Structures are given as structure tokens and as C-alpha cells.
Amino acid sequence: MKIYKIATIPGDGIGKEVVPAGQQVLEALAAGSRGFGFAFQNFDWGGDFYRAHGVMMPADGLDALRPMDAILFGSAGDPHIPDHITLWGLRLKICQGFDQYANVRPTRILPGIDGPLKRCGPKDLDWVIVRENSEGEYSGVGGRVHQGHPIEAATDVSIMTRAGVERIMRYAFKLAQSRPRKLLTVVTKSNAQRHAMVMWDEIAVQISKEFPDVTWDKELVDACTARMVNRPATLDTIVATNLHADILSDLAAALAGSLGIAPTGNIDPERRYPSMFEPIHGSAFDIMGQGLANPVGTFWSVVMLLEHLGEAAAAQQVMAAIERVTADPTLHTRDLGGRATTAQVTQAVCRLLAD
Ligand code: NAD
Ligand code: K
Ligand code: MN
């Protein structure tokens, strides 16, 4: 029997609630006779680890993760530690250390969930946002001079490399090609950002020639927000820079009903390193420790994890169980207007997988 090595990193806040829930779903799958199982290794990295050791993860942390088949991540962010320390010290360290350059974010309106858009049914909103996940605005290059003085200056340099843009563009075209509509929107801001984004546009034209069956267009990022609200059905696969896609995908999640249901995969398409799957939401300090966290975003991330492992049938079973549960309003957590707890939603999904 195939045993997959899965690292779990709950991190902070509601990550500590939703990642164990995701592990329960995987355990429920393994309990059936599906021909595979999991060996979990839990890593207690995050804010508490930082308070004890002064770092978010140990110096040899990536070495511990390298032999894993996949990583299930919760969230990095602690009310008492600055966000740039928690983010750069853990999540970005893993994403960049393992060159998980494609951040894939599917969004759909699941059965039973009411999005804020009027006249928009499930068929009108079915997107995958591909986020460049290794460079761009989050390159980490920049600095501050004359700190605290009136003449202080600060920079965050957005670095885009030809190789980096070509590979994410090719990934996005390939993904668009694999979807029924074969439609890609390349998001840009080349009217204002006249160097890197102009190169981005040129590379889009170049890569598009490899995919003659993909229909594609360009949209400025600000206009894209309006299009997502006003003409959602005209979008399918979307590719955007690290920062732009970060923002667009929170909007996408909200339009689909809640930040709590949206999943993502930080993927190394070349499979040199383990890929990492997580809900797109953060630590949600306002609801942590109360059983209010919606675990659906983590369960959908588990679906992506299973697809990445090549367990397509199991992935479909989990997705079907998620959709059965969202279709039942008595199993909606508070963010969806319901009263169900994290544990109740988790048990319901696990029970369906046992049937
Ligand atoms: P957030 O996603 O944590 O929360 C935003 C809002 O959405 C809150 O009102 C929260 O209650 C709600 N929400 C989020 N997930 C939910 C869920 N599963 N169920 C129900 N409601 C949910 O974003 P934030 O408040 O901007 O950030 C809080 C912390 O998380 C910060 O430290 C931030 O840096 C960090 N963060 C980490 C990641 C990550 O690790 N990938 C992503 C985003 C934010
Ligand atoms: K997260
Ligand atoms: Mn984000």
C-alpha cells in the first residue's frame, strides 16, 4: 500500500483548528480501502515557536520538509508579532525555499452558498487564479534609509525575471488549455508600471504562440476587479503577479461566498520539492479558539493536495462530500450565516467519506 508522507504545519490562530480538521479528513479517507494511507508529521512552527526560540521555524526546517510528499499548511500570523516577521519567517521561506512558483487558486460558488453577487449562479463564476509566487512585488528586495527622519525613504523593489515570468505564463496557458473553455485573462498594470509589466505583456504574447487553442485577453488589474463583479462569466483562468493575484483572489473568495472556503496550492510544477496546500485565509484572530472557523477552505486544499499526489478519485470524493455539506444550511459556519461549528462540519465530511 502506498503511504504518503504529509507534513502538517498548523501555524497560528485558526490554522490550529482547520489543519487538524484537514488531517481528520485525510485519515477518514485512509480508513477506507482505497489503497493508500498517510504518515503524518506535525511541525509546531509559528508564533509560539517564535516566542520560545526567536525564529518562526528552525534553521534546518526545510531539510525536515524536503522528504515529504506534500505539506498541509494553516496560517502564519500572530497578534503579538509583526506580520512581516511571521510571513517571511515561515510561509514565504517555504514557498521560496522550495521554489513553489505557481500559486493556484480555484474559486467556484459551491452548492448552497449565497454569494453577494446578484444574478450570478454557480455557472457564472468558475475561475482559477494563477498567482506568480516566487518574485515580483514579494521579492524582499528594498530597504529604508534615514529611518525616522523627515528625509526617510523606503523601497520595495518588484523584481521580475524573464525566466520567472515565462514559467508562470506557460503554467497558466497550460492550465487554461486543460479547462473546458480554454480561456485565459492575463492581468497587467503595464500602463503605469512601464518596465516589468511591459515585459510581462510581451512574454504573454510570446508564450501564447505555444498554445494556439487557448483564447486569451489582457486586463488591467483595476479594471479586472470591476469585471469580476460585473461580468464574472467572461473570466475563467486568470494569471497575475504575486501582489495583484493576492488581492484578486481575496475578492474572488468573497464573491464566492466567504474567505473561509477558498483553497490554494503553492506548487512546484517540476516536482523537485514538496508542494504546499493551504486555505487562502489567515489566522483570523477575531474568531480563533471558538470553533467558528470554516474548515471548507482547508478541505478544498486537501482536494488539491490529493490531485497533486495523483489520487484523483479520492480528490473527487472529498469534493463531493464538501458540496453535500455546503448544500445543507444546517452545516454552515457563521461566516456563511449559519451556526455549525468547525467540528460539526468536519464530522459531516468524514462521515460521508466513510459511507
Ligand atoms: P484573515 O484571513 O485572517 O481574516 C479576515 C476575515 O475573514 C476575518 O474577519 C476572519 O474572521 C474571516 N475569516 C478568515 N478565515 C475564516 C474562516 N476559515 N472561517 C470563518 N471566517 C474566516 O485575514 P487578516 O485578518 O488580514 O490577517 C490575520 C493574520 O493572518 C495576519 O497576521 C496576516 O498576516 C495573516 N495571514 C496569513 C496568511 C497565510 O498564512 N497564508 C494569509 C492571510 C493572512
Ligand atoms: K493560509
Ligand atoms: Mn492573501
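Here are worked exercises on a predicted model of one protein chain with a ligand.

**Exercise 1. Overall form**

Task: State how many helices and strands the protein chain has, and decide how its radius of gyration compares with the globule rule.

Solution.
- Step 1. Count the elements: the protein chain has 11 helices and 12 strands.
- Step 2. Take the radius of gyration, which is 20 Å.
- Step 3. Set it against the rule. For 355 residues the globule rule gives 20 Å, and the two values are close, so the chain is as compact as a globular protein of that length.
- Step 4. Add the box. Along the principal axes, the C-alpha atoms fill roughly 55 × 50 × 40 Å.
- Step 5. Add burial and contacts. Buried residues are 46% of the 355. Of the contacts between residues at least 6 apart in sequence, 75% join residues at least 24 apart.

**Exercise 2. The ligand shell**

Task: Describe the shell around ligand 1 by residue, by helix and by class.

Solution.
- Step 1. Count the shell: 23 residues surround ligand 1.
- Step 2. Name the closest. They are Gly77, Gly260, His281, Gly282 and Asn294.
- Step 3. Find the top contributor. Helix H4, residues 83-97, gives the most to the shell, with four residues.
- Step 4. Sort by class. The shell holds eight nonpolar, 10 polar and five charged residues.

**Exercise 3. Strand order in the sheet**

Task: Give the order of the strands in the open sheet, then identify its edges.

Solution.
- Step 1. Write the order of the 10 strands: S2-S1-S3-S12-S11-S4-S5-S10-S8-S9. The pairing is mixed.
- Step 2. Read off the edges. Strand S2 (36-42) and strand S9 (215-220) each pair on one side only.
- Step 3. Add the twist. From one strand to the next it averages 25°.
- Step 4. Inspect one parallel pair. Strand S5 (residues 126-132) and strand S10 (residues 237-240) pair in the parallel sense over four bridges. Within this pair, Ile129 has Ile238 of S10 as its bridge partner.
- Step 5. Place the helix. Helix H5 (residues 162-178) packs on the sheet and touches strand S4 (102-108), S5, strand S8 (183-188) and S10. The direction of H5 makes about 165° with that of S5.

**Exercise 4. Strand S11 and its partners**

Task: Show how strand S11 is covered and how it pairs with S4 and S12.

Solution.
- Step 1. Check burial. S11 spans residues 263-267, and five of its five residues are buried.
- Step 2. Recall the strand pattern. In a regular strand, side chains alternate between the two faces of the sheet.
- Step 3. Split S11 by face. Pro263, Gly265 and Ile267 lie on one side, Thr264 and Asn266 on the other, and both faces are covered.
- Step 4. Take the S4 side. S4 and S11 are antiparallel, with three bridges. Here Val104 stands opposite Gly265.
- Step 5. Take the S12 side. S11 and strand S12 (residues 275-279) run antiparallel and are joined by four bridges. Here Gly265 stands opposite Phe277.

**Exercise 5. Positive phi**

Task: Locate His146 and Arg271, give their phi values, and classify each as buried or exposed.

Solution.
- Step 1. Start with His146. Its phi is near 55°, positive in a residue other than glycine.
- Step 2. Place His146 in the loop between strand S6 (136-145) and strand S7 (153-159).
- Step 3. Count neighbours. His146 has 10 C-beta neighbours inside 10 Å, so it counts as exposed. The cut-off for exposed is 12 or fewer.
- Step 4. Repeat for Arg271. Its phi is near 60°, again positive in a residue other than glycine.
- Step 5. Place Arg271 in the loop between S11 and S12. With 9 C-beta neighbours inside 10 Å, Arg271 counts as exposed.

**Exercise 6. Leu26 and Asn42**

Task: Classify Leu26 and Asn42 by burial, and give one C-alpha separation for each.

Solution.
- Step 1. Leu26 sits in helix H1 (residues 15-31). It has 24 C-beta neighbours inside 10 Å and therefore counts as buried.
- Step 2. List its contacts. Beyond four places in sequence, Leu26 touches Ile6, Phe38 and Val302.
- Step 3. Give the distance. Leu26 and Phe38 are 12 residues apart in sequence and 7.7 Å apart, C-alpha to C-alpha.
- Step 4. Asn42 is in strand S2. With 14 other C-beta atoms within 10 Å, Asn42 is partly exposed.
- Step 5. Give the second distance. Asn42 and Ala262 are 220 residues apart along the chain, and their C-alpha atoms are separated by 23 Å.

How values were computed. Residues are numbered from 1 along each chain as its sequence is written. Chains are lettered from A and ligands numbered from 1 in the order in which they are written. This is a predicted model: local features need pLDDT of at least 70, side-chain atom pairs count only at pLDDT 80 or more; totals for chains, interfaces and linings use all residues. Helices (H or I, at least four residues) and strands (E, at least two) are DSSP runs, numbered from the N terminus. The radius of gyration is taken over C-alpha atoms; the globule rule is 2.2 Å times the number of residues to the power 0.38. A residue is buried if 20 or more other C-beta atoms lie within 10 Å of its own, exposed if 12 or fewer, and partly exposed in between; C-beta atoms are placed from the backbone. Two residues are in contact if their C-beta atoms, placed from the backbone, lie within 7 Å. A residue is near a molecule or strand if its C-beta atom, placed from the backbone, lies within 6 Å of it. Ala, Val, Leu, Ile, Met, Phe, Trp, Tyr, Cys and Pro count as nonpolar, Asp, Glu, Lys and Arg as charged, and the others, Gly among them, as polar. Two strands pair if DSSP finds at least two bridges between them. Axes are lines fitted to C-alpha atoms, for helices over the stretch in contact, and angles run from 0 to 180 degrees between N-to-C directions.
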